[in-house]
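Reader: I am new to this structure. Please take me through one part of it closely, the largest pocket, and then what surrounds it.

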Amino acid sequence: MLTVIARIEARPEFAACLKQAMLALLAPTRAEPGCLAYELLESSDDPALIFFHERWADRDALEAHWQSAHLLAYRDATKGWIDRRELTVLRPVEP
């Protein structure tokens, strides 16, 4: 299993539009094979700071998500709306 934390800093003038585009990703992503959880969060102090918290069954499922039609369309539609993006992929530490 993999956990992904995506930290996105929207350009302030595009924050509301970006959140709407991100909300549209929830249903199709949650329906993808291997998606265990896909949650959209925003900072309580800064509405331009947005996070995805994701859980994937394995690397193949995550890679397929990155190439999905809805995610590629989102990336095209939101070009220029994001100041900074940071993606962290985590795996469980087993004893």
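Author: Here is a close look at the pocket, followed by the core and a few single residues.

This is a predicted model, in which local features need pLDDT of at least 70 and side-chain atom pairs count only at pLDDT 80 or more, while totals for chains, interfaces and linings use all residues. Residues are numbered from 1 along each chain as its sequence is written, and side-chain values use heavy atoms, with hydrogens and water left out.

Start with the pocket. A pocket is an open set of points on a 1 Å grid over the protein atoms alone, where a 1.4 Å probe fits, with protein on both sides within 12 Å along at least five of seven lines. The largest pocket has a volume of about 210 Å³. That volume is the space filled by probe spheres set on the points, which are joined across faces, edges and corners.

Lining residues have an atom within 4 Å of a point. Here they are A6, I8, Y38, F52, E54, H65, W66, L71, Y74, R75, R85 and L87. Two or more of them come from each of β1 (2-10), β3 (49-56), α2 (59-66), α3 (69-77) and β4 (82-90). Helices (H or I, at least four residues) and strands (E, at least two) are DSSP runs, numbered from the N terminus. α3 gives the most, with three residues. By class, the lining has eight nonpolar, one polar and three charged residues. Ala, Val, Leu, Ile, Met, Phe, Trp, Tyr, Cys and Pro count as nonpolar, Asp, Glu, Lys and Arg as charged, and the others, Gly among them, as polar.

Now the core. A nonpolar core is a set of buried Ala, Val, Leu, Ile, Met, Phe, Trp, Tyr and Cys residues joined through side-chain atoms within 4.5 Å. Buried means under 20% relative accessible area, exposed over 50%, partly exposed in between (1.4 Å probe, protein chains only). The largest core has 23 residues. Those with the most contacts inside it are I8, L18, M22, Y38, F52, W56 and Y74. β1, α1 (15-30), β2 (35-42), β3, α2 and α3 each supply at least two of its residues.

Y38 lines the pocket and belongs to the core. Beyond four places in sequence, Y38 touches residues including L25, F52, W56 and H65; contact means heavy atoms within 4.5 Å.

Last, R91. It lies after β4. R91 is exposed, at 69% relative accessible area. Leaving aside neighbours within four places, R91 is in contact with M1 and L2.
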